[in-house]
Amino acid sequence: MHCFAEYGLRTDPSGRYGALYRPYHLIGMELGVSVASAVLRGEPTGTPRAFLGDVMSVAKRDLRAGEILDGEGGYMVYGKLAPVGASLAGRALPIGLAGGFPLRNDVTAGAVLSYDDVDIDETVTAVKLRRQLESAPSNQIP
C-alpha cells in the first residue's frame, strides 16, 4: 500500500489492490518477477536504448547532516523519475547511490537530494560508473 501511494497509482477503495499499464519498470515492486523471467525463461525485462530518464533521491522525512543514507527501500529516501536533463542540471543524487554515504547537509522532507548534500566516495565502483554515464557526450542535453 505504501508503494502504491509513493508511486501515485490508483487503487481499489482499500488501497491494497491496483491495476495499471505502463511502458516502464518499477523495480521496487517487480524485482522478483524480473529475476524469475530472466532466470527461468531467459527473457530480459528491459534494455535501455539511451539515457533519457533518471531516478532522483527524494527525502521521505527531514534528514540531518551526519546521518548515513539507508538507500532504496529504506526509511530515508524514495525515487522520483525525471528527465535526464533536469536530473543532471540539478546534480540530483541518483537513487542507486543513496545508500551508505553520510549527509553533508540537512535536507527537508520532500526535497530532492543533490550530490552537494552527500559525502560521496568517488572510489566506489558504482560512483565511477555513474560518473562515466553522466559525462558521456550523448548526455549533453541542452
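This passage describes the charged side chains of a predicted model, beginning with Asp117 and continuing with the salt bridges.

Asp117 is located in the loop that runs between β4 (99-102) and α4 (125-135). Although Asp117 is buried, no salt bridge is found for this residue. Arg104 provides the nearest side chain of opposite charge, at 7.8 Å; because a salt bridge requires a side-chain nitrogen of Lys or Arg within 4 Å of a carboxyl oxygen of Asp or Glu, a separation of 7.8 Å does not qualify. A polar contact of 3.1 Å is nevertheless present between the side chains of Asp117 and Asn105. When neighbours within four places in sequence are set aside, the residues in contact with Asp117 are Pro102, Leu103, Arg104, Asn105, Val107 and Val112.

Across the whole structure, eleven salt bridges are found. One of the salt bridges joins the side chains of Asp106 and Arg64, with an N to O distance of 3.7 Å. This pair connects distant parts of the chain, 42 residues apart: Asp106 belongs to the loop between β4 and α4, whereas Arg64 belongs to the loop between β1 (53-59) and β2 (68-70). Both partners lie between the limits for buried and exposed residues, under 20% and over 50% respectively. Asp106 is therefore classed as partly exposed, at 49% relative accessibility, and Arg64 is likewise partly exposed, at 43%.

A salt bridge is also formed by the side chains of Arg91 and Asp116, at 2.9 Å from N to O. Here too distant parts of the chain are linked, since Arg91 is placed in the loop between α3 (84-89) and β4 and Asp116 in the loop between β4 and α4, 25 residues apart. Arg91 has a relative accessibility of 37% and so counts as partly exposed; Asp116, with a relative accessible area of 38%, is partly exposed as well.

Arg104, named above in connection with Asp117, takes part in a salt bridge with Asp119, in which the side chains meet at 2.8 Å, N to O. Asp119 and Arg104 both lie in the loop between β4 and α4, so this pair ties together parts that are 15 residues apart in sequence. The relative accessibility of Asp119 is 37%, which means that this residue counts as partly exposed, and Arg104 is partly exposed at 44%. In addition to such pairs, salt bridges with shared partners unite Asp54, Glu122, Arg130, Arg131 and Glu134 in one network.

Methods: Residues numbered from 1 in each chain as written. Predicted model: local features only at pLDDT ≥ 70, side-chain atom pairs only at ≥ 80, totals over all residues. Heavy atoms only, no water. Helix = DSSP H or I, 4+ residues; strand = E, 2+ residues; numbered from the N terminus. Buried < 20%, exposed > 50% of the residue type's maximum accessible area, 1.4 Å probe, protein only. Lys, Arg positive; Asp, Glu negative; His and termini not counted. Polar contact = N/O pair within 3.5 Å; in protein donor to acceptor, adjacent residues only side chain to side chain. Contact = heavy atoms within 4.5 Å.
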